[in-house]
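Visitor: I am new to this structure and should be grateful for a close look at a single part of it. Please take one strand and follow it outward to whatever adjoins it.

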Amino acid sequence: MTELDGKVAIVTGGASGIGRGITERFAAEGAHVVVADIRDDLGESLVDELDSTGARVVYRHADVGEQAQVAELVEAAVSTFGGLHVMVNNAGISSPLRKGLLHEDFEEFDRVMRVNLLGLMAGTREAARHMADNGGGSIINLGSIGGIQAGGGVSTYRASKAAIIHFTKCAAIELADFEVRVNCLAPGNIPTPILATSATDEDRERLERFEARIRQQMRDDRPLKREGTADDVAEAALYLATDRSRYVTGIVLPVDGGTVAGKVIVRKPRESPDRQA
């Protein structure tokens, strides 16, 4: 037996990055999965890799920033596979990379908030409407450690992720009566394509240098020195999707190698912790 046999899941933004990792893990655990994305080429290619027959994994084009498309996505999952047990609201974009808050014009504010926050709220609502009438389910919202830990840069993105965390807790309280669990994963230091979406045209040439610098800073701030992967986030999502977490709701689970726990203690090479005799 695999852990998601008989379950139906939707993964938004499921064609690449963390969403792809979650899609692959859920499919491997026996779930029927609807992969939702706006990158049709990547989505259709992933479905061909996982299930060319379309019997267990299907792709559907959906812009989560459009509430009607989110409602249609849930309806499609139910009509295709007969239900919905797990909703993963993963789709997201970054705000543009600027030279600091004083240079920010917030031109992308509406777009970032519509995709990252409104899309997730609509996904939670539409999934919960079905789950509330059908015995409950699990809703997993993808936040970020950027919504927990303050920092400079991409301020609209950080604000959207902080709002996701608060909304998740509110939804968890409101939907508990219906056995609908709502939890949030907060990944950090996971290499994904999302940083590329933060570059404006004039920034393209320096994006690689910026990304290398920020990734190194993340490594320096991370207690665990192993690089995190999309598979690590998928493992956490699997836990929240299964009955192993049946008494867990309203949590924010960082998947970040310990970054938000605190700063790394830097010791000299030969220094060792004091030990009592």
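Guide: The account below begins with strand S1 and then turns to its partners, to a helix elsewhere in the chain and to some salt bridges. Please bear in mind that this is a predicted model.

Strand S1 comprises residues 8–12, and five of the five are buried, so the strand is largely enclosed by the rest of the structure. In a regular strand, side chains alternate between the two faces of the sheet. Both faces of S1 are covered: Ala9 and Val11 are buried on one side, and Val8, Ile10 and Thr12 are buried on the other.

S1 has a partner in strand S2, residues 32–37, to which five bridges join it, and the two strands run parallel. Within this pairing, Val35 of S2 is the bridge partner of Val11. The route between the two strands leads through helix H1, and this β-α-β crossover from S1 to S2 is right-handed. Ala9 also takes part in the pairing, standing opposite Val33 in S2. S1 is likewise joined to strand S4, by three bridges, and these strands too run parallel. Here Ile10 of S1 has Met87 of S4 opposite it.

Strand S2 deserves attention in its own right. It is mostly covered, with five of its six residues buried. Besides its bridges to S1, S2 pairs with strand S3, residues 57–61, in the parallel sense over five bridges. Asp37 of S2 has His61 as its bridge partner in S3. The chain passes from S2 to S3 through helix H2, residues 40–50, in another β-α-β crossover that is right-handed.

Helix H1, through which the chain crosses from S1 to S2, leads the account to helix H7. H1 (17–28) is among the elements that cover the buried residues of H7, and the others include strands S4 (86–89), S5 (137–142), S6 (180–187) and S7 (252–255). The buried residues of H7 are Ala230, Val233, Ala234, Ala236, Ala237, Leu238, Leu240 and Ala241. H7 has twelve residues, 230–241, which at 1.5 Å a residue should span 16 Å; its end C-alpha atoms are 16 Å apart, so the expected and modelled lengths agree.

H1 and H7 are also linked through their side chains. Glu235 and Arg25 meet in a salt bridge, with 1.9 Å from N to O. Because Glu235 belongs to H7 and Arg25 to H1, this pair ties together parts that are 210 residues apart in sequence. Glu235 counts as partly exposed, at 40% relative accessibility, and Arg25 also counts as partly exposed, at 23%.

The structure holds 13 salt bridges. Asp232 takes part in one of them, meeting the side chain of Arg226 at 3.1 Å, N to O. Asp232 counts as partly exposed at 24% relative accessibility, whereas Arg226 is exposed, with a relative accessible area of 56%. Salt bridges with shared partners also join Arg20, Glu24 and Glu49 into one network.

A further salt bridge lies within helix H4, residues 109–132, where Glu126 and Arg129 are three residues apart and therefore separated by about one helical turn. Their side chains meet at 3.1 Å, N to O. Glu126 counts as buried, since its relative accessibility is 11%.

Conventions. Residues are numbered from 1 along each chain as its sequence is written. This is a predicted model: local features need pLDDT of at least 70, side-chain atom pairs count only at pLDDT 80 or more; totals for chains, interfaces and linings use all residues. Side-chain values use heavy atoms; hydrogens and water are left out. Helices (H or I, at least four residues) and strands (E, at least two) are DSSP runs, numbered from the N terminus. The expected span of a helix is 1.5 Å times one less than its number of residues. Buried means under 20% relative accessible area, exposed over 50%, partly exposed in between (1.4 Å probe, protein chains only). Contact means heavy atoms within 4.5 Å. Two strands pair if DSSP finds at least two bridges between them. A crossover is right-handed if, with the strands pointing away from the viewer, the path from the first strand over the helix to the second runs clockwise. A salt bridge is a side-chain nitrogen of Lys or Arg within 4 Å of a carboxyl oxygen of Asp or Glu.
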